[in-house]
Amino acid sequence: MLKQEAADGTRSFADPQFRADVLAGLARRPRAIPARWFYDRRGSELFEAITDLPEYYPTRTEIGILSRIGGDVRARVGAGRAVVEFGSGSSTKTPLLLGAIDPSAYVPIDISGDFLRQSSRALSAAFPDLLVLPFEADFMRPLALPRAIADAPKLGFFPGSTIGNMTPLMATDLLRAMRASLGEGAMLLIGMDRIKGADVLVPAYDDAAGVTAAFNLNLLERINRELAGTVPVDAFRHVARWNDDRARIEMHLQAQRDVDFTVDGRPFQMAAGETIHTENSHKYGARDARILLRAGGWTPVAEWTDPDGLFAVYLAEA
Ligand code: AVI
(Lines give C-alpha, C1' and ligand atoms only; values in the text may rest on other atoms or scores of the structure.)
Protein backbone atom coordinates (compact mmCIF):
# COMPACT_ATOMS: atom_id res chain seq x y z
CA MET A 1 0.00 0.00 0.00
CA LEU A 2 1.24 3.47 -0.85
CA LYS A 3 1.83 5.78 2.09
CA GLN A 4 1.01 9.46 1.44
CA GLU A 5 2.27 12.46 3.36
CA ALA A 6 0.17 15.61 3.12
CA ALA A 7 1.54 19.15 3.41
CA ASP A 8 0.52 19.26 7.10
CA GLY A 9 2.56 16.11 7.78
CA THR A 10 -0.45 13.81 8.30
CA ARG A 11 -0.14 10.38 6.71
CA SER A 12 -2.76 8.31 4.99
CA PHE A 13 -2.86 5.16 2.91
CA ALA A 14 -4.10 5.18 -0.67
CA ASP A 15 -6.84 2.67 -1.41
CA PRO A 16 -5.09 -0.31 -3.08
CA GLN A 17 -8.07 -0.80 -5.40
CA PHE A 18 -7.85 2.87 -6.51
CA ARG A 19 -4.17 2.35 -7.30
CA ALA A 20 -4.86 -0.89 -9.19
CA ASP A 21 -7.76 0.61 -11.19
CA VAL A 22 -5.79 3.74 -12.13
CA LEU A 23 -2.64 1.89 -13.17
CA ALA A 24 -4.57 -0.71 -15.18
CA GLY A 25 -6.93 1.92 -16.64
CA LEU A 26 -4.10 4.18 -17.86
CA ALA A 27 -2.25 1.22 -19.39
CA ARG A 28 -5.21 -0.12 -21.41
CA ARG A 29 -6.52 1.17 -24.76
CA PRO A 30 -8.85 2.98 -24.80
CA ARG A 31 -7.77 4.35 -21.44
CA ALA A 32 -10.55 4.28 -18.83
CA ILE A 33 -10.85 4.73 -15.05
CA PRO A 34 -14.06 3.64 -13.22
CA ALA A 35 -16.37 6.53 -12.26
CA ARG A 36 -16.62 5.35 -8.65
CA TRP A 37 -13.24 7.05 -8.00
CA PHE A 38 -14.74 10.51 -8.58
CA TYR A 39 -16.17 10.51 -5.10
CA ASP A 40 -13.46 11.57 -2.67
CA ARG A 41 -14.45 14.42 -0.33
CA ARG A 42 -13.90 17.12 -3.00
CA GLY A 43 -15.59 15.03 -5.70
CA SER A 44 -18.64 14.46 -3.47
CA GLU A 45 -18.88 18.22 -2.80
CA LEU A 46 -18.65 18.94 -6.53
CA PHE A 47 -21.34 16.34 -7.26
CA GLU A 48 -23.63 18.05 -4.72
CA ALA A 49 -22.99 21.33 -6.57
CA ILE A 50 -23.80 19.63 -9.90
CA THR A 51 -27.23 18.60 -8.61
CA ASP A 52 -28.09 22.31 -8.15
CA LEU A 53 -26.96 23.43 -11.62
CA PRO A 54 -29.60 24.88 -13.96
CA GLU A 55 -28.48 22.49 -16.76
CA TYR A 56 -28.51 19.35 -14.57
CA TYR A 57 -32.22 18.47 -14.62
CA PRO A 58 -32.18 14.86 -13.19
CA THR A 59 -32.07 15.61 -9.46
CA ARG A 60 -34.78 18.27 -9.29
CA THR A 61 -36.94 16.38 -11.79
CA GLU A 62 -36.80 13.15 -9.78
CA ILE A 63 -37.50 15.06 -6.55
CA GLY A 64 -40.54 16.59 -8.26
CA ILE A 65 -41.79 13.13 -9.25
CA LEU A 66 -41.17 11.63 -5.79
CA SER A 67 -42.98 14.50 -4.09
CA ARG A 68 -46.07 13.88 -6.24
CA ILE A 69 -46.30 10.07 -6.08
CA GLY A 70 -46.07 9.34 -2.34
CA GLY A 71 -49.76 8.43 -1.96
CA ASP A 72 -49.73 6.23 -5.05
CA VAL A 73 -46.56 4.41 -3.95
CA ARG A 74 -48.02 3.83 -0.50
CA ALA A 75 -51.22 2.41 -2.00
CA ARG A 76 -49.15 -0.05 -4.06
CA VAL A 77 -46.50 -1.14 -1.55
CA GLY A 78 -48.56 -1.00 1.67
CA ALA A 79 -47.34 0.14 5.10
CA GLY A 80 -44.78 -1.69 7.25
CA ARG A 81 -42.15 -2.52 4.64
CA ALA A 82 -38.46 -2.28 5.48
CA VAL A 83 -36.96 0.23 3.05
CA VAL A 84 -33.49 -0.79 1.86
CA GLU A 85 -31.72 2.05 0.08
CA PHE A 86 -28.82 1.21 -2.23
CA GLY A 87 -26.49 4.16 -1.58
CA SER A 88 -26.27 6.21 1.60
CA GLY A 89 -29.41 8.24 1.11
CA SER A 90 -30.11 11.78 0.01
CA SER A 91 -31.34 14.38 2.43
CA THR A 92 -34.16 15.30 0.05
CA LYS A 93 -35.29 12.10 -1.72
CA THR A 94 -35.19 9.62 1.16
CA PRO A 95 -37.46 11.62 3.53
CA LEU A 96 -39.99 11.99 0.69
CA LEU A 97 -40.30 8.20 0.46
CA LEU A 98 -40.11 7.44 4.19
CA GLY A 99 -42.65 10.14 5.00
CA ALA A 100 -45.08 8.73 2.43
CA ILE A 101 -45.04 5.00 3.16
CA ASP A 102 -44.66 4.58 6.94
CA PRO A 103 -41.93 1.89 6.84
CA SER A 104 -41.04 -0.52 9.67
CA ALA A 105 -37.30 0.11 9.27
CA TYR A 106 -34.80 1.88 7.04
CA VAL A 107 -31.55 0.23 5.96
CA PRO A 108 -29.18 2.45 3.95
CA ILE A 109 -26.35 0.46 2.34
CA ASP A 110 -23.11 2.11 1.29
CA ILE A 111 -19.49 1.16 0.86
CA SER A 112 -18.41 4.44 2.49
CA GLY A 113 -18.96 4.28 6.26
CA ASP A 114 -18.53 8.04 6.64
CA PHE A 115 -21.38 9.01 4.32
CA LEU A 116 -23.50 6.25 5.76
CA ARG A 117 -23.14 7.40 9.37
CA GLN A 118 -23.71 11.04 8.38
CA SER A 119 -26.92 10.40 6.42
CA SER A 120 -28.21 7.90 9.02
CA ARG A 121 -27.83 10.46 11.81
CA ALA A 122 -29.78 13.02 9.77
CA LEU A 123 -32.54 10.47 8.99
CA SER A 124 -32.83 9.39 12.64
CA ALA A 125 -33.21 13.02 13.67
CA ALA A 126 -35.99 13.55 11.09
CA PHE A 127 -37.77 10.24 11.88
CA PRO A 128 -37.09 9.64 15.61
CA ASP A 129 -39.43 6.60 15.83
CA LEU A 130 -37.98 4.81 12.82
CA LEU A 131 -35.54 1.90 13.23
CA VAL A 132 -32.49 3.00 11.17
CA LEU A 133 -29.92 0.27 10.52
CA PRO A 134 -26.95 1.55 8.48
CA PHE A 135 -25.21 -1.28 6.67
CA GLU A 136 -21.64 -0.84 5.34
CA ALA A 137 -21.27 -3.09 2.32
CA ASP A 138 -20.70 -3.29 -1.43
CA PHE A 139 -24.25 -3.67 -2.77
CA MET A 140 -23.07 -4.91 -6.16
CA ARG A 141 -23.14 -8.42 -4.63
CA PRO A 142 -26.03 -10.29 -2.93
CA LEU A 143 -26.07 -9.41 0.79
CA ALA A 144 -27.30 -10.94 4.04
CA LEU A 145 -29.39 -8.04 5.37
CA PRO A 146 -29.66 -7.32 9.14
CA ARG A 147 -31.57 -10.01 11.08
CA ALA A 148 -33.85 -7.33 12.58
CA ILE A 149 -35.64 -6.96 9.22
CA ALA A 150 -35.66 -10.68 8.33
CA ASP A 151 -39.46 -11.01 8.58
CA ALA A 152 -40.47 -7.69 7.03
CA PRO A 153 -41.28 -7.44 3.32
CA LYS A 154 -38.71 -5.20 1.69
CA LEU A 155 -38.86 -2.20 -0.61
CA GLY A 156 -35.56 -1.52 -2.38
CA PHE A 157 -34.93 2.16 -3.22
CA PHE A 158 -32.37 3.12 -5.87
CA PRO A 159 -32.96 6.74 -6.94
CA GLY A 160 -30.76 9.14 -8.90
CA SER A 161 -30.38 7.10 -12.08
CA THR A 162 -27.20 5.68 -10.58
CA ILE A 163 -28.02 2.50 -12.48
CA GLY A 164 -27.20 4.53 -15.61
CA ASN A 165 -23.55 4.71 -14.57
CA MET A 166 -23.30 0.96 -15.19
CA THR A 167 -23.19 -0.84 -18.51
CA PRO A 168 -26.46 -2.69 -19.22
CA LEU A 169 -24.67 -5.96 -18.35
CA MET A 170 -23.50 -4.66 -14.96
CA ALA A 171 -26.93 -3.10 -14.37
CA THR A 172 -28.60 -6.47 -14.97
CA ASP A 173 -26.20 -8.17 -12.56
CA LEU A 174 -26.93 -5.50 -9.95
CA LEU A 175 -30.72 -5.82 -10.33
CA ARG A 176 -30.36 -9.59 -9.86
CA ALA A 177 -28.16 -9.11 -6.79
CA MET A 178 -30.77 -6.71 -5.35
CA ARG A 179 -33.51 -9.25 -5.94
CA ALA A 180 -31.46 -11.95 -4.17
CA SER A 181 -30.69 -9.61 -1.24
CA LEU A 182 -34.29 -8.38 -0.81
CA GLY A 183 -35.93 -11.81 -1.01
CA GLU A 184 -39.48 -13.08 -1.57
CA GLY A 185 -42.22 -10.52 -2.00
CA ALA A 186 -39.79 -7.62 -2.44
CA MET A 187 -40.50 -4.49 -4.46
CA LEU A 188 -38.11 -1.97 -5.99
CA LEU A 189 -38.51 1.77 -6.57
CA ILE A 190 -35.87 2.95 -9.01
CA GLY A 191 -35.10 6.18 -10.90
CA MET A 192 -33.86 6.13 -14.49
CA ASP A 193 -32.98 9.06 -16.71
CA ARG A 194 -34.71 9.06 -20.10
CA ILE A 195 -33.23 9.41 -23.59
CA LYS A 196 -33.62 12.95 -24.91
CA GLY A 197 -31.95 15.34 -27.32
CA ALA A 198 -28.20 15.96 -27.19
CA ASP A 199 -29.07 19.68 -26.90
CA VAL A 200 -30.34 18.97 -23.36
CA LEU A 201 -28.07 16.05 -22.43
CA VAL A 202 -24.67 17.50 -23.33
CA PRO A 203 -25.07 20.78 -21.36
CA ALA A 204 -26.28 18.74 -18.35
CA TYR A 205 -22.81 17.13 -18.35
CA ASP A 206 -20.86 20.18 -19.56
CA ASP A 207 -22.36 23.15 -17.72
CA ALA A 208 -21.54 26.78 -18.39
CA ALA A 209 -20.10 27.35 -14.90
CA GLY A 210 -17.59 24.50 -15.35
CA VAL A 211 -18.63 22.55 -12.24
CA THR A 212 -18.84 19.22 -14.11
CA ALA A 213 -15.44 19.95 -15.69
CA ALA A 214 -14.00 20.50 -12.19
CA PHE A 215 -15.67 17.24 -11.03
CA ASN A 216 -14.06 15.30 -13.89
CA LEU A 217 -10.63 16.99 -13.54
CA ASN A 218 -10.65 16.35 -9.78
CA LEU A 219 -9.99 12.70 -10.62
CA LEU A 220 -6.56 13.73 -11.93
CA GLU A 221 -5.97 15.89 -8.82
CA ARG A 222 -6.90 12.88 -6.70
CA ILE A 223 -4.41 10.70 -8.60
CA ASN A 224 -1.71 13.29 -7.95
CA ARG A 225 -2.67 13.59 -4.26
CA GLU A 226 -3.15 9.95 -3.38
CA LEU A 227 -0.95 8.07 -5.83
CA ALA A 228 2.08 10.37 -5.97
CA GLY A 229 1.07 11.35 -9.52
CA THR A 230 2.70 14.03 -11.67
CA VAL A 231 -0.24 14.43 -14.09
CA PRO A 232 -0.22 17.97 -15.57
CA VAL A 233 -3.90 18.64 -14.85
CA ASP A 234 -3.93 21.91 -16.81
CA ALA A 235 -3.03 19.97 -19.97
CA PHE A 236 -6.39 18.14 -19.84
CA ARG A 237 -9.86 19.26 -20.88
CA HIS A 238 -13.24 17.90 -19.77
CA VAL A 239 -15.26 16.42 -22.67
CA ALA A 240 -18.90 15.25 -22.54
CA ARG A 241 -20.28 13.44 -25.63
CA TRP A 242 -23.59 11.80 -26.44
CA ASN A 243 -22.97 8.28 -27.81
CA ASP A 244 -26.23 7.68 -29.67
CA ASP A 245 -25.41 4.07 -30.56
CA ARG A 246 -25.06 3.16 -26.87
CA ALA A 247 -27.62 5.70 -25.60
CA ARG A 248 -25.19 7.18 -23.12
CA ILE A 249 -23.36 10.34 -22.19
CA GLU A 250 -19.65 9.67 -21.97
CA MET A 251 -17.24 11.83 -20.00
CA HIS A 252 -13.60 11.90 -20.99
CA LEU A 253 -10.44 13.78 -20.02
CA GLN A 254 -8.68 14.81 -23.21
CA ALA A 255 -4.96 15.67 -23.41
CA GLN A 256 -4.53 19.04 -25.13
CA ARG A 257 -0.86 18.39 -25.91
CA ASP A 258 1.56 15.46 -25.75
CA VAL A 259 2.09 14.68 -22.06
CA ASP A 260 4.44 12.52 -19.97
CA PHE A 261 3.72 11.78 -16.35
CA THR A 262 4.18 9.16 -13.66
CA VAL A 263 1.71 7.56 -11.25
CA ASP A 264 3.17 5.69 -8.30
CA GLY A 265 6.50 5.75 -10.15
CA ARG A 266 5.11 4.22 -13.39
CA PRO A 267 5.64 6.25 -16.57
CA PHE A 268 2.76 7.10 -18.96
CA GLN A 269 2.67 9.03 -22.22
CA MET A 270 -0.39 10.43 -23.94
CA ALA A 271 -0.54 12.07 -27.34
CA ALA A 272 -2.46 15.32 -27.92
CA GLY A 273 -6.15 14.49 -28.47
CA GLU A 274 -6.04 11.13 -26.61
CA THR A 275 -8.60 10.69 -23.85
CA ILE A 276 -9.15 8.89 -20.56
CA HIS A 277 -12.77 7.66 -20.44
CA THR A 278 -14.06 8.42 -16.96
CA GLU A 279 -17.85 7.93 -16.92
CA ASN A 280 -20.87 6.54 -18.76
CA SER A 281 -24.36 7.75 -17.98
CA HIS A 282 -26.83 5.49 -19.82
CA LYS A 283 -30.30 6.79 -20.62
CA TYR A 284 -33.33 4.55 -21.01
CA GLY A 285 -36.50 5.00 -23.04
CA ALA A 286 -39.71 3.70 -21.40
CA ARG A 287 -39.52 0.29 -23.11
CA ASP A 288 -35.76 -0.02 -22.61
CA ALA A 289 -36.22 0.53 -18.88
CA ARG A 290 -38.91 -2.13 -18.63
CA ILE A 291 -36.75 -4.62 -20.56
CA LEU A 292 -33.77 -3.87 -18.29
CA LEU A 293 -35.91 -4.47 -15.19
CA ARG A 294 -37.23 -7.77 -16.56
CA ALA A 295 -33.70 -8.88 -17.54
CA GLY A 296 -32.74 -8.17 -13.92
CA GLY A 297 -35.52 -10.39 -12.57
CA TRP A 298 -38.10 -7.67 -11.77
CA THR A 299 -41.61 -7.15 -13.13
CA PRO A 300 -42.51 -3.47 -13.64
CA VAL A 301 -45.89 -2.61 -12.07
CA ALA A 302 -46.04 1.18 -12.28
CA GLU A 303 -44.10 4.11 -13.68
CA TRP A 304 -44.24 7.85 -13.24
CA THR A 305 -42.61 10.65 -15.16
CA ASP A 306 -42.54 14.47 -15.15
CA PRO A 307 -44.64 16.55 -17.58
CA ASP A 308 -41.69 16.87 -20.00
CA GLY A 309 -40.83 13.15 -19.87
CA LEU A 310 -37.24 13.89 -18.81
CA PHE A 311 -36.94 11.31 -16.03
CA ALA A 312 -38.88 8.27 -14.82
CA VAL A 313 -39.43 6.41 -11.55
CA TYR A 314 -40.39 2.72 -11.79
CA LEU A 315 -41.98 0.41 -9.25
CA ALA A 316 -41.30 -3.27 -9.84
CA GLU A 317 -41.96 -6.52 -7.99
CA ALA A 318 -39.74 -9.56 -7.59
C1 AVI B 1 -24.41 9.81 -10.02
N2 AVI B 1 -24.83 9.83 -11.41
C3 AVI B 1 -26.18 9.35 -11.57
C4 AVI B 1 -24.56 11.09 -12.13
C5 AVI B 1 -25.05 11.00 -13.59
O6 AVI B 1 -25.84 11.87 -13.97
O7 AVI B 1 -24.67 10.08 -14.30
C8 AVI B 1 -23.08 11.44 -12.08
C9 AVI B 1 -22.71 12.67 -12.85
N10 AVI B 1 -21.68 12.81 -13.63
C11 AVI B 1 -21.64 14.02 -14.13
N12 AVI B 1 -22.69 14.67 -13.70
C13 AVI B 1 -23.37 13.86 -12.88
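Modeller: A residue counts as buried under 20% relative accessible area, as exposed over 50%, and as partly exposed in between (1.4 Å probe, protein chains only). This is a predicted model, in which local features need pLDDT of at least 70 and side-chain atom pairs pLDDT 80 or more, while totals for chains, interfaces and linings use all residues. Residues are numbered from 1 along each chain as its sequence is written, and side-chain values use heavy atoms, leaving out hydrogens and water.

Colleague: Why is Glu250 called buried?

Modeller: Its relative accessibility is 8%, which is under the 20% limit, so Glu250 counts as buried. Glu250 belongs to strand β11. Helices (H or I, at least four residues) and strands (E, at least two) are DSSP runs, numbered from the N terminus.

Colleague: What does Glu250 touch, not counting residues up to four places away in sequence?

Modeller: With contact meaning heavy atoms within 4.5 Å, Glu250 touches Val239, Ala240, Arg241, Asn243, His277, Glu279 and Asn280.

Colleague: What makes the side chains of Glu250 and Arg248 a polar contact?

Modeller: The pair is 3.0 Å apart. A polar contact is a pair of N or O atoms within 3.5 Å; within protein, one must be able to donate a hydrogen and the other to accept it, and residues adjacent in sequence count only if both atoms are side-chain atoms.

Colleague: Why do Arg257, Asp102 and Ala228 count as partly exposed?

Modeller: Arg257 has 42% relative accessibility and so falls between the two limits. The value for Asp102 is 45%, and for Ala228 it is 40%. Arg257 is in the loop between β11 and β12, Asp102 in the one between α4 and β5, and Ala228 in the one between α8 and β10. Asp102 has a positive phi of about 55° although it is not a glycine; for Ala228, also not a glycine, phi is about 50°.

Colleague: How do you know that the length of α1 agrees with its number of residues?

Modeller: The expected span of a helix is 1.5 Å times one less than its number of residues. For the twelve residues of α1 (residues 16–27) this gives 16 Å, and the end C-alpha atoms are 17 Å apart, which agrees. At the start of α1, a side-chain oxygen of Asp15 reaches to within 2.8 Å of the backbone nitrogen of Gln17.

Colleague: Which residues of α1 are buried, and what covers them?

Modeller: Phe18, Asp21, Val22, Leu23, Gly25 and Leu26 are buried. Their cover includes β3, α8, β12, β13 and β14. In the loop from α1 to β3 lies Pro30, and the peptide bond from Arg29 to Pro30 is cis, with omega near -10°.

Colleague: What makes a residue part of the shell around the ligand, and how many are there?

Modeller: One of its heavy atoms must lie within 4 Å of the ligand, and 14 residues surround the ligand. Tyr56, Asn165, Tyr205, Glu279 and Ser281 are the closest. Polar side-chain atoms of Tyr56 and of Tyr205 each lie 2.5 Å from an oxygen atom of the ligand. An N or O atom in the side chain of Asn165 is 2.8 Å from a nitrogen atom of the ligand.

Colleague: How much of the accessible area of the ligand does the protein cover?

Modeller: The ligand has 340 Å² on its own, and the protein covers 95% of that. The areas come from the Shrake-Rupley method with a 1.4 Å probe. Elements giving two or more residues to the shell are α2, α8 and β14.
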